Amino acid sequence: MALRFFNTLTRTLEEFTPVEPGVVRMYTCGPTVYGFAHIGNFRTFMFEDLLRRYLKYRGYKVIHVMNLTDVDDKTIRDSNAEGTPLAEYTTRYKKAFFEDLDVLHIERAEHYPEATTHIPEMVVLIKKLLDKGIAYRSGNDIYFSIAKFPDYGKLAHMDLESLQAGASQRTTSDEYEKEQVSDFALWKGWDETDGDVFWETEIGKGRPGWHIECSAMSTKYLGNHFDIHTGGVDNMFPHHENEIAQSEAANDEKFVNYWLHAAHLIVEGRKMAKSFGNFFTVRDLLAKGYPAVAIRYLLLSTHYRASLNFTFDGLEGAKSAIQRLRDFYENVRTAGKDGVASGKADKYVESAKSQFIEGLDDDLNISPAFAAIFDFVRDVNRLIADEGISKEDAQKMIAAMDGFDTVLAILKKEEVLLDAEVEALIKERNDSRKARNFKRSDEIRDQLLAMGIVLEDSPQGTVWKKKL
Ligand code: AMP
Ligand code: ZN
């Protein structure tokens, strides 16, 4: 069976065929950098990591673009509230986002375009829509007329009557509900609340709407028509619906073939959201002593289209599952020294691989993929106990586990630390040295060295850098 995805556009499971054989072009809506991303956001980003890693495991070359929303209603609102210039404010959270990606072993995308450095591309697209009579001006704003795009509503599967009822309305908000379907702002003419956030352009002084950002940036890096577009399910309407409208109306071409949406991470029955205040960041959980890899495992281990209920018990469960897998990995390594070859090893390896692929080929169904691994662990542990394994057997088993781990990234022991954690360890080392506890201070130096962090002491203090 071939690789299949559930396409939100058609609400069916479809076999995956990329536009260009062997290459996948995909776009994922990235973070709005107005605060630390929470683990609900990372649920979606983790699904996207699984998707890109699995596409690579299946032999595709992946060109993945994730934008950074660094100008929109929320970034302006919160940077103003803090009295910090927008660029300085968003830079802080961009840096934090990349640190969190590394800590969670989320593989880097090929491109991370920022909205604020792609304003000219957005202006070109808006002009095109104006020239075609699909966009119109109202005061200093420019709106998309949804009545001019007959396919409007095809992604969210909205009923046309409610669309027609709302079609005469206009909104300048980036976010709104299905019930408030309306013409939406492509360009927002400057007003006082924007402060010094504006661009002087051919279409006026102002700033882009959120939706046009993704249409312009995806086209720039992936072309008018590409393979996969993803996001959390809350992005489906209005954001993705509006992206389709803008791009297809401007280019007269199909925008995206496969739309994939991750269900929400929920806490006590409610979506985790910054606005509800019911959220944990990666940093919150690390501070409580949970290893990053447990967060990774927890976010990965529920199928992306099922809601994931976050609990601390779940995190504990993730910790033990990882321990079991890591113990197994070591067990195989040490067992394969002097045993004799057994015909069973090949059979177990082949069956684990084929079940792993069968599971993930089915719309990234992670449960059978994990079941394949845990069955393998059980069978091999029994084999080691009963008969022993040869060095060659062990190598094949390790190679299979390494292969699975290119997709899951949970076996590797090396941890990435946040800058703040490195600083805290350095402080502890300096305090230990002052207290003449050299055993502890050496331990910390070695721990950091094992993570590729080198310390340099000087009379001015200790500086650190990452070894390449
Ligand atoms: P934002 O930073 O708000 O633009 O969101 C970044 C990504 O996180 C988007 O794809 C959202 O759909 C997704 N997202 C937000 N909250 C959740 C949640 N509770 N569970 C899963 N995904 C979420
Ligand atoms: Zn987007």
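Visitor: Which residues coordinate the zinc ion (ligand 2)?
Guide: Keep in mind that this is a predicted model. The donor atoms sit at 2.1 to 2.2 Å from the zinc ion (ligand 2), and along the chain they follow the spacing C-x184-C-x24-H. Two of them are SG atoms and one is an NE2 atom, and the residues that bring them are Cys-29, Cys-214 and His-239.

Visitor: How many residues apart in sequence are the parts that Cys-214 and His-239 tie together?
Guide: Start with where each one lives: Cys-214 is in helix α6 (residues 210-222), while His-239 is in helix α7 (residues 236-251). The two lie in separate helices, so the pair ties together parts that are 25 residues apart in sequence.

Visitor: Which residue in helix α7 is joined to Phe-237 by a cis peptide bond?
Guide: Most peptide bonds are trans. Here, though, omega is about 0° for the bond that follows Phe-237, which makes it cis. The partner has its place in helix α7, and that partner is Pro-238.

Visitor: Where is Asp-252, the residue with phi near 50°?
Guide: Most residues other than glycine have a negative phi. Asp-252 has a positive value even though it isn't glycine. Look for Asp-252 in the loop between α7 and β12 (256-262).

Visitor: What share of ligand 1 does the protein bury?
Guide: Let's look at some contacts. Oxygen atoms of ligand 1 lie 3.1 Å from an N or O atom in the side chain of Asn-41 and 3.0 Å from a polar side-chain atom of Asn-235. A nitrogen atom of ligand 1 is 2.8 Å from a polar backbone atom of Leu-265. Taken alone, ligand 1 exposes 500 Å², and the part of that buried by the protein is 93%.

Visitor: Which element gives the largest share of the shell around ligand 1?
Guide: Ligand 1 sits in the largest pocket. Two elements give two or more residues to its shell, namely α1 (39-57) and β11 (226-232). The largest share is four residues, and the element it comes from is α1.

Visitor: How many residues of the shell around ligand 1 are polar?
Guide: There are 18 residues around ligand 1, and those that come nearest are Thr-32, Thr-44, Asp-234, Leu-265 and Met-272. Sorted by kind, the shell has five nonpolar residues and three charged ones, and the number of polar residues is 10.

Technical notes:
Residues numbered from 1 in each chain as written. Chains lettered and ligands numbered in written order. Predicted model: local features only at pLDDT ≥ 70, side-chain atom pairs only at ≥ 80, totals over all residues. Heavy atoms only, no water. Near = heavy atom within 4 Å. Polar contact = N/O pair within 3.5 Å; in protein donor to acceptor, adjacent residues only side chain to side chain. Areas by Shrake-Rupley, 256 points an atom, 1.4 Å probe, with all protein chains shown as cover. 1 Å grid on protein atoms, 1.4 Å probe; cavity = no way out; pocket = protein on both sides within 12 Å on 5 of 7 lines; lining within 4 Å. Sits in = over half its atoms within 2 Å of the grid points. Nonpolar A, V, L, I, M, F, W, Y, C, P; charged D, E, K, R; others polar. Donors = N, O, S within 2.8 Å, 3.2 Å for Na, K, Ca; no water.
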